[in-house]
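Okay, thanks for coming, everyone. Let me put the structure up, and then I'll walk you through how the two chains meet.

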Amino acid sequence: MKLDQEQIKKIFLSTLLLIALLYGYFAFLLGPLQASEKAAAAGIDTVTPQIADAKKQINRTSQLEKQAPEAVALLNNLKDTIPDGEPIAWFPPKMTDFLKSHGIDKSTTHLVSEGTDPTPGLKRMVWAIDIPKVDFVPLGVAISSLENEQPLTTILSVTIDATREDAEYQHATLTISTLVKS
Amino acid sequence: MPLHVNLYHEVQRQELARRRDPLRLGMMGLAVIAVGFVAYYFVVLEQAHVVESQYAALQDEFSRLDPKAKAAKTREDELNTEISASETLVKNIDSRFYWAPVLDQVLKTVPRTVQLTHFAAAAPTGNASVNTVEISGISSAIEPRKEAEALRTALNSRLGTQFDGVSAMFKTLDDSDEIVMLDGRRLATANFNIEIKLQAKDPSTVAAAPEPVRKSKLIAAQ
């Protein structure tokens with residue numbers, strides 16, 4: 001079978017048209033579609049772990065939210081025991097009353113220094129309590145009560161000296177640090 | 001047998017040639033391939049649509065979850081700070097050194113023949129953990145140095161039952177010229193100064209019964 005000139009021309013043109021169509025098909029139809037599918041798949045791969053992380057974070061926080069009230073209850077309770085206002089106004093009278101309740105009538109409390117504390121909302125203040133006349137046993141009881149009843153208070157030093165005037169009594173000085181609201 | 005003469009053979013040959021026209025066959029083949037391509041395009045279109053709608057749904061979910069997760073993270077940080085502050089505070093409270101038991105033991109240890117004139121106790125500063133107690137006094141006995149030594153060893157052993165790393169050492173021990181009267185007897189005296197170093201017991205060893213330990217300090221002092 002022999003192709004005539006007209007048929008050869010048709011075949012040539014058809015081949016050109018076919019190539020153009022194939023190029024158009026892959027370049028403008030299938031290509032972008034596959035690219036967008038690929039991009040969407042990559043997006044899914046990225047966003048899926050992000051969603052999982054977000055869900056995990058929300059769950060973790062809700063678990064923590066359940067545990068937190070118990071964990072911070074002590075902190076909040078202790079904070080609630082600290083009176084409002086300037087410590088210099090309430091702490092010395094508080095100590096005087098405390099010592100009086102333990103039979104130590106005369107005492108003076110002075111502020112020595114103040115500093116920061118790692119606990120948020122609190123600061124540490126150091127006080128010197130001078131007790132000019134005290135018996136050893138009531139002093140021991142008062143110190144014991146202070147240590148047991150005032151958890152925010154730490155006794156840094158205790159000095160007891162015999163007095164020359166009255167051998168029965170001693171002169172005591174306590175240095176204590178306490179946490180107050182900052 | 002009748003004889004048949006095919007007078008249409010040329011027409012039939014032309015018809016056959018027309019049917020076997022390569023151009024026509026080629027066009028038909030191309031049409032089939034084109035239909036296949038179109039079908040494949042629609043398959044891929046459907047797949048892409050499914051994947052894209054999945055992605056859009058996930059993005060939508062993420063855009064809803066992300067602000068919540070960020071808020072949760074902030075809240076978690078706040079809660080962790082509060083919890084850690086609470087734990088630190090509890091740790092600090094638990095690790096306080098209690099001086100009342102020391103005073104109690106000193107009171108129980110000092111005999112009638114010894115008079116204390118000075119007692120100084122200090123908690124450590126910074127990261128140190130050794131507490132120091134300094135006791136000065138006068139011992140009176142036929143051999144006052146022995147009496148002071150007895151006090152030192154008694155303090156060492158008594159405090160050793162409640163504290164760790166207890167060491168009581170004389171800083172000074174001097175005979176004195178003073179004579180005291182005790183129970184109608186004249187006794188020689190010696191001035192002494194004892195330095196005691198002690199540490200709170202490891203919390204893990206006393207953690208089994210923390211409350212009775214604290215209570216006993218109060219009761220003991222009373």
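Before I point at anything, one bit of vocabulary: I'll call two strands paired if DSSP finds at least two bridges between them. And keep in mind that what you're looking at is a predicted model.

So, with that in hand, look at where the chains pair up. Strand S3 of chain A (153-162) is joined to strand S1 of chain B, residues 114-122, by five bridges, and the two run antiparallel. If you want one spot to click on, Ser157(A) stands opposite Ala122(B) in S1(B).

Now zoom out to the sheet. In what order do the strands come? It goes S1(A)-S2(A)-S4(A)-S3(A)-S1(B)-S2(B)-S4(B)-S3(B), so to speak reading across: eight strands in an open sheet, with antiparallel pairing. Strand S1 of chain A (108-116) and strand S3 of chain B (164-182) stand at the edges; each has a single partner strand, so one side of each has no neighbour in the sheet. From one strand to the next, the twist averages 15°.

Over on the chain B half, strand S2 (residues 131-141) and strand S4 (residues 185-199) run antiparallel and are joined by 11 bridges. Val133(B), for example, has Ile196(B) in S4(B) as its bridge partner. Packing on the sheet there is helix H4 of chain B, residues 144-162, which touches S1, S2, S3 and S4 of chain B. The direction of H4(B) makes about 30° with that of S4(B).

Okay, the contact between the chains as a whole. It takes 54 residues from chain A and 54 residues from chain B. On the chain A side, H1, helix H3 (136-149) and S3 each supply at least two residues. Which element gives the most? That's H1(A), with 33 residues. By type, the chain A side divides into 31 nonpolar, 16 polar and seven charged residues.

Let's pick one residue out of that helix. Thr61(A) lies in H1 of chain A, which covers residues 5-81. Is Thr61(A) buried or exposed? Buried: it has 22 other C-beta atoms within 10 Å, and the cut-off for calling a residue buried is 20 or more. Leaving out residues up to four places away in sequence, Thr61(A) touches Ala72(B), Arg75(B) and Glu76(B).

Last thing, domains. The assignment for chain A gives domain 1 as 34-81 and domain 2 as 87-181. The C-alpha centres of those two domains of chain A lie 47 Å apart.

Terms used
Residues numbered from 1 in each chain as written. Chains lettered and ligands numbered in written order. Predicted model: local features only at pLDDT ≥ 70, side-chain atom pairs only at ≥ 80, totals over all residues. Domains from an automatic or database assignment. Helix = DSSP H or I, 4+ residues; strand = E, 2+ residues; numbered from the N terminus. Buried ≥ 20, exposed ≤ 12 C-beta atoms within 10 Å, placed from the backbone. Contact = placed C-beta atoms within 7 Å. Nonpolar A, V, L, I, M, F, W, Y, C, P; charged D, E, K, R; others polar. Axes fitted to C-alpha atoms, helices over the stretch in contact; angles between N-to-C directions.
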